[in-house]
Amino acid sequence: MTDSAIFNALQTGLQGWLYPGLTALLSVVVTLLVFKGVLAIIQRLTRSRTVPRLFFDASAPALGVVLALLVLNGILEAASPDLPFLATFQHAATLLLIVAVTWALVRCTSAIGDVIVSLNPVLEGQWKRARKVETQTRFLVRVLNILIVIVGMGAALVTFEPVRHLGSGLLASAGIGGIILGFAAKPVLGNLLAGMQIALTQPFRIDDVLYVQGEWCWVEEVTATYVVLRVWDLRRLVVPLQWFIENPFQNWTRNDTELAGTVFINVDYGMPVEPIRTEFNRLLQQSPEWNGNISTVQVTDAGETTIQVRLFMSAIDSSALWNLRCAIREGLITFIQEQYPEHLPRVRARLVDKPDH
């Protein structure tokens with residue numbers, strides 16, 4: 001084909017696409033403008049924290065793209081079949097529409113989850129129910145999003161003719177392939193099933209305080225396959241969901257955030273216990289971390305050189321308890337150093353005269 005023939009074919013194609021292309025562009029622009037106008041009206045008529053506003057704020061971009069691509073696909077379907085590359089443009093528009101619908105469904109699902117969480121805020125006396133709802137909602141939303149993306153990818157692949165023809169051949173080997181895929185995906189499926197069990201049985205929730213593998217941490221995020229734990233020194237511990245099903249762990253806030261803790265002080269046998277008890281109660285009364293429930297002083301051990309005094313106290317949560325224990329330990333050590341320095345732990349020795357021979 002000569003250059004002039006190529007130029008004439010290109011010119012003919014551009015002339016043929018001039019009216020449909022302009023129509024499609026204008027229709028898409030008008031659709032987006034109308035959608036933005038409707039969205040602006042909804043935003044003006046609703047408050048910022050209402051359910052419709054939260055839903056539209058999260059899913060509006062994806063919904064606008066879906067509407068524009070629906071209009072574009074309708075115009076391409078109505079175009080003359082004689083237009084060059086029409087099938088290619090239709091296929092590309094269909095792929096984009098599938099991707100946009102998948103995106104919109106993911107955004108809508110996430111928006112529904114945000115709405116459910118916002119309708120169940122953490123209020124005083126209702127923290128347990130609110131965290132339970134948030135944990136279940138976040139996990140179910142992530143599982144639904146994964147399923148939506150898988151279905152969207154499958155729908156996009158089906159639009160290709162070679163993939164569609166491969167379907168019959170793949171069905172013949174589906175049994176063996178299913179077994180192989182099952183073994184390969186066992187860790188992923190195990191974590192998904194473990195996450196479903198955790199979401200339903202609630203052994204822990206968002207913001208619960210756990211003691212996992214020697215680390216004191218908070219539940220920061222629960223995904224479809226793993227849990228992100230925030231350690232007390234701001235490190236992040238990522239643990240697969242399956243681990244929580246197969247291993248024991250401590251949940252310090254399973255039923256309530258209140259916790260009790262101890263401080264041990266070793267003093268000499270000559271140290272009276274009552275001044276320690278009085279000073280301990282005075283320190284608790286001055287401390288904002290103490291919740292006023294537990295305050296006990298007991299001698300729990302008597303060794304060869306010292307006695308061990310246990311100071312038992314409670315606080316509203318784990319952070320307050322840690323600060324309270326440190327403050328009590330420091331205050332009592334200072335008290336003994338200043339008031340009873342002679343009763344600090346000491347090593348006793350006895351001098352024995354060696355007999356003369």
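**Stop 1: helix 10 and the second largest pocket**

Select helix 10, residues 318–339. In this predicted model, helix 10 supplies the largest share of the lining of the second largest pocket, namely four residues. The pocket has a volume of about 200 Å³. Its lining consists of 13 residues; Trp216, Trp252, Leu321, Trp322 and Arg325 lie nearest the centre. Display these five as sticks to locate the pocket. Next, colour the elements that give two or more residues to this lining: strand 2 (215–222), strand 6 (259–268) and helix 10. What classes of residue make up the lining of the second largest pocket? Eight of the lining residues are nonpolar, three are polar and two are charged.

**Stop 2: an aromatic pair beside helix 10**

The whole structure contains seven aromatic pairs. A pair of aromatic rings is described by the distance of the centres and the angle of the planes. Select Trp216 and Trp322, whose rings form a tilted pair, with 6.1 Å from centre to centre and 40 degrees between the planes. Trp216 belongs to strand 2 and Trp322 to helix 10, so this pair ties together parts that are 106 residues apart in sequence.

**Stop 3: the sheet of five strands**

Now hide the side chains and follow the backbone. Strands of a sheet pair through backbone hydrogen bonds, either parallel or antiparallel. Five strands form an open sheet in the order 4-3-2-1-5, and their pairing is antiparallel. At the edges stand strand 4 (236–240) and strand 5 (250–251); each has a single partner strand, so one side of each is left without a neighbour in the sheet.

Begin at strand 5. Strand 1, residues 209–212, is joined to strand 5 by two bridges, and the two run antiparallel. Select Leu210 to find its bridge partner in strand 5, Asn251.

Continue to strand 2, which pairs with strand 3 (residues 226–231) over five bridges in the antiparallel sense. Here Glu221 stands opposite Val228 of strand 3. The connection from strand 2 to strand 3 is a hairpin of three residues.

Then move on to strand 4. Strand 3 and strand 4 are also an antiparallel pair, with five bridges; select Arg230 and its bridge partner in strand 4, Arg236. Which residue in the turn of the hairpin between strand 3 and strand 4 has a positive phi? The residue is Leu234, with a phi of about 75 degrees, and four residues separate the two strands.

Before leaving this sheet, show helix 10 again. Helix 10 lies across strand 1 and strand 2, at about 160 degrees to strand 2.

**Stop 4: the sheet of three strands**

Select strands 6, 7 and 8, which form an open sheet in the order 6-8-7 with antiparallel pairing. Strand 6 and strand 7 (290–302) are at the edges, each with a single partner strand, so one side of each has no neighbour in the sheet. On average, neighbouring strands of this sheet are turned by 20 degrees against each other, direction ignored.

Strand 7 is joined to strand 8 (residues 306–315) by eight bridges, and these two strands run antiparallel. To see one such bridge, select Trp290 and its partner in strand 8, Ala315.

Add helix 9, residues 273–286, which packs on the sheet and touches strand 7 and strand 8. The direction of helix 9 makes about 155 degrees with that of strand 7.

**Stop 5: back to helix 10**

Finally, return to helix 10 and view it against this second set of strands. Helix 10 lies across strand 6, strand 7 and strand 8, and runs at about 15 degrees to strand 6. Helix 10 also lies across strand 1 and strand 2, as seen at the third stop.

Methods. Residues numbered from 1 in each chain as written. Predicted model: local features only at pLDDT ≥ 70, side-chain atom pairs only at ≥ 80, totals over all residues. Heavy atoms only, no water. 1 Å grid on protein atoms, 1.4 Å probe; cavity = no way out; pocket = protein on both sides within 12 Å on 5 of 7 lines; lining within 4 Å. Points joined across faces, edges and corners; volume = space filled by probe spheres on them. Nonpolar A, V, L, I, M, F, W, Y, C, P; charged D, E, K, R; others polar. Pairing = 2+ DSSP bridges. Contact = heavy atoms within 4.5 Å. Axes fitted to C-alpha atoms, helices over the stretch in contact; angles between N-to-C directions. Phe/Tyr/Trp six-rings, centres within 6.5 Å; stacked < 30°, edge-to-face > 60°.
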